[in-house]
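User: Hi, could you walk me through this model? I'd like to start with the cysteines and then look at a sheet.

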Amino acid sequence: QVQLVESGGGSVQAGGSLRLSCLVFGLPYTWNCMAWFRQAPGKEREGVAAIAIGSGRTYYADSVKGRFTISQDNARNTVYLQMNSLKPEDTAMYYCAAAPFLPASVVAGILAPADFRKWGQGTQVTVSS
């Protein structure tokens, strides 16, 4: 059974950094895409970054390009989201998600929650000005 466990959230001042971790249990070998999403109160869940597990190719939302980096460890047990130059508008609950294949929408630059089947419980990130 696939289980995703996020950690690393917290409170930081604007301009600071955080690194989120997603520990993955039971991911089938054939599943090929991991991603981070976020959801602020009263807003829809939005995609932040995705990584193709096989190739390591990465995809980012325009709002985080140049500031956030998604990566994976070699054993495919953990996916990270390094967040630098944080802004108050980055405040949200951050979720790790897994998809059985790399969605065409991700390749086109769109991270849609409906394309991802498994989700973690989330970790809160709060950025103060």
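User: Are Cys22 and Cys96 buried or exposed?

Analyst: In this predicted model, both Cys22 and Cys96 are buried, and the two of them form a disulfide in which the sulfur atoms are 2.1 Å apart.

User: Which parts of the chain does that pair link?

Analyst: The disulfide links distant parts of the chain, since Cys22 lies in strand 3 and Cys96 in strand 9 (residues 92-99), 74 residues apart.

User: And what is the torsion about the S-S bond of Cys22 and Cys96?

Analyst: That torsion is about -80°, and therefore the disulfide is left-handed.

User: What about Cys33, how far away is the nearest cysteine sulfur?

Analyst: The nearest cysteine sulfur belongs to Cys96 and is 10 Å away, and Cys33 is in no disulfide. Cys33 counts as buried because its relative accessibility is 1%, and buried means under 20%.

User: OK, new topic: what order do the strands have in the open sheet?

Analyst: The open sheet has 4 strands in the order 1-3-8-7, and the pairing is antiparallel.

User: Which strands stand at the edges?

Analyst: Strand 1 (3-7) and strand 7 (68-72) do, and each has a single partner strand, so one side of each is left without a neighbour in the sheet. On average, neighbouring strands of this sheet are turned by 15° against each other, with direction ignored.

User: How many bridges are there between strand 1 and strand 3?

Analyst: Strand 1 pairs with strand 3 (residues 18-25) over 5 bridges, in the antiparallel sense, and Val5 stands opposite Leu23 in strand 3.

Technical notes
Residues numbered from 1 in each chain as written. Predicted model: local features only at pLDDT ≥ 70, side-chain atom pairs only at ≥ 80, totals over all residues. Heavy atoms only, no water. Pairing = 2+ DSSP bridges. Helix = DSSP H or I, 4+ residues; strand = E, 2+ residues; numbered from the N terminus. Axes fitted to C-alpha atoms, helices over the stretch in contact; angles between N-to-C directions. Disulfide = S-S within 2.5 Å. Buried < 20%, exposed > 50% of the residue type's maximum accessible area, 1.4 Å probe, protein only.
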